[in-house]
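Open the model in your viewer and keep the selection tool at hand. The stops below run in order.

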Amino acid sequence: MNLVAIQLNSGAHWEHNRQQIAQQLAALPQGRPCLVLLPENFACLGTTADYQAVAEPLGDGPIQHQLAAWARQWDIWLVAGSLPTRVAGESRLHTSSLVYAPDGRQQGHYHKLHLFDVDVADGHGHYRESASFVPGEQWCVIDTPFGGLGLSICYDVRFPELYRQLRAAGASVLLVPAAFTHVTGEAHWLPLLRARAIENQCYVVAANQCGQHGAGRRTWGHSVIIDPWGQILDCLPQGEGVVVAELKASQL
């Protein structure tokens, strides 16, 4: 099983981001089966108004149709890091991770539990996800032919109890799509990811955003795949691209 994390520099406009993703999908390794993880905010990294503009009802919409088409086209398991999805009776949105099988069918979803309401010493300064998003209420493991996928998103990685629940429910691969800031990423990104791998004896696949974005926002990059011993199998410090490693059941 090939594990792949795609690193992007997403902006506020879906069409530009769609072209970036298509380019990286064309560079996937030839071997199948293949699990591909997109980062958090792959479709839109912008303002509350930008998220509202691209948000879709869960299970329907042009972005979700494109994700399903990519899974079929490339014959891959595709995990769409996070997409804004609409919440009935609520003006705010969920930020949702979506899983697609190679036949294009959506196999499940996860709404981000821990929202990033933090002051950071960077050009953006203040992050208040709760102004735009509603927190989820349940963790999620997706069964696949190559093991359970434990879903999480970005800030979740600081909460080890979540990953213990995922492991207990059968996860062998922990997925961490992210838009980790440069400041917090430089301090804690790799240590936290290695800890989640070691303490749960799981593979960790982490796809991050990279570079400069709007409103002074800068993300850390360093998308990475880590084995259950905590070894870094592949890492991309900066720039758009892919990281690839083989899942070996004997390592679990």
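Select Gln201 to begin. Gln201 comes just after helix α5, and its phi is positive, near 50°. Bear in mind throughout that this model is predicted.

**Stop 1: along α5**

Step back from Gln201 and select α5, residues 182-200. How far apart are its end C-alpha atoms? They lie 26 Å apart. The 19 residues, at 1.5 Å each, should span 27 Å, so the two values agree.

Now centre on His188. Here α5 bends by about 50°. Look a little further along for a proline: Pro191 follows within four residues.

Colour the buried residues of α5 next. They are His182, Thr184, Gly185, Trp189, Leu192, Leu193, Arg196, Ala197 and Asn200. Show what surrounds them. These buried residues pack against α4, β10, β11 (203-208), β13 (218-220) and β14 (223-226).

**Stop 2: a ring pair at Trp189**

Stay on Trp189 and add Phe180. The two form a tilted aromatic pair. Their centres are 5.0 Å apart, with 55° between the planes. Are these rings buried or exposed? Phe180 has 5% relative accessibility, so it counts as buried. Trp189 has 0%, so it counts as buried too.

**Stop 3: α4 and its two faces**

Move to α4, residues 160-168. Select Leu162, Tyr163 and Leu166, the buried residues of this helix. Why do they sit on the same side of α4? They cover an arc of only 95° around the axis, which puts them there. As a rule, an α-helix has 3.6 residues a turn, so residues three or four places apart point the same way.

Rotate to the face turned away from the buried side. The exposed residues Glu161 and Ala168 are carried there.

Rotate back and show the packing partners of the buried residues. These are β5 (106-111), β8 (141-144), β9 (147-151), β10 (171-178) and α5. Then check Gly170, which follows α4: its phi is positive, near 105°.

**Stop 4: the β4 and β5 hairpin**

From the partners of α4, pick β5 and add β4, residues 90-100. How do the two strands pair? They run in the antiparallel sense, over 5 bridges. Select Tyr100 and look across to β5: Gln106 stands opposite. The hairpin has 5 residues between the strands. Gly104 takes a positive phi in this hairpin, near 90°.

**Stop 5: more aromatic rings**

The whole structure holds 8 aromatic pairs. Select Phe116 and Tyr127 for another of them. Their ring centres are 5.4 Å apart and the planes meet at 50°, so this pair is tilted. The pair links distant parts of the chain, 11 residues apart. Phe116 is in the loop between β5 and β6 (117-119), whereas Tyr127 belongs to strand β7, residues 126-128. Both residues are buried.

Add Tyr155 and Phe159 to the selection. Together with Phe116 and Tyr127, they form one aromatic cluster.

**Stop 6: Pro33**

Finish at Pro33, in the loop between α1 (14-25) and β2 (34-37). Its relative accessibility is 44%, so Pro33 counts as partly exposed. Which residues does Pro33 touch, leaving aside those up to four places away in sequence? Select Met1 and Asn2: these are its contacts. Pro33 and Met1 are 32 residues apart along the chain, yet their C-alpha atoms are separated by 5.4 Å.

How values were computed: Residues numbered from 1 in each chain as written. Predicted model: local features only at pLDDT ≥ 70, side-chain atom pairs only at ≥ 80, totals over all residues. Heavy atoms only, no water. Buried < 20%, exposed > 50% of the residue type's maximum accessible area, 1.4 Å probe, protein only. Arc of directions from axis to C-beta. Contact = heavy atoms within 4.5 Å. Pairing = 2+ DSSP bridges. Expected span 1.5 Å × (residues − 1). Bend = angle between axes of the 7 residues up to and from the residue. Phe/Tyr/Trp six-rings, centres within 6.5 Å; stacked < 30°, edge-to-face > 60°.
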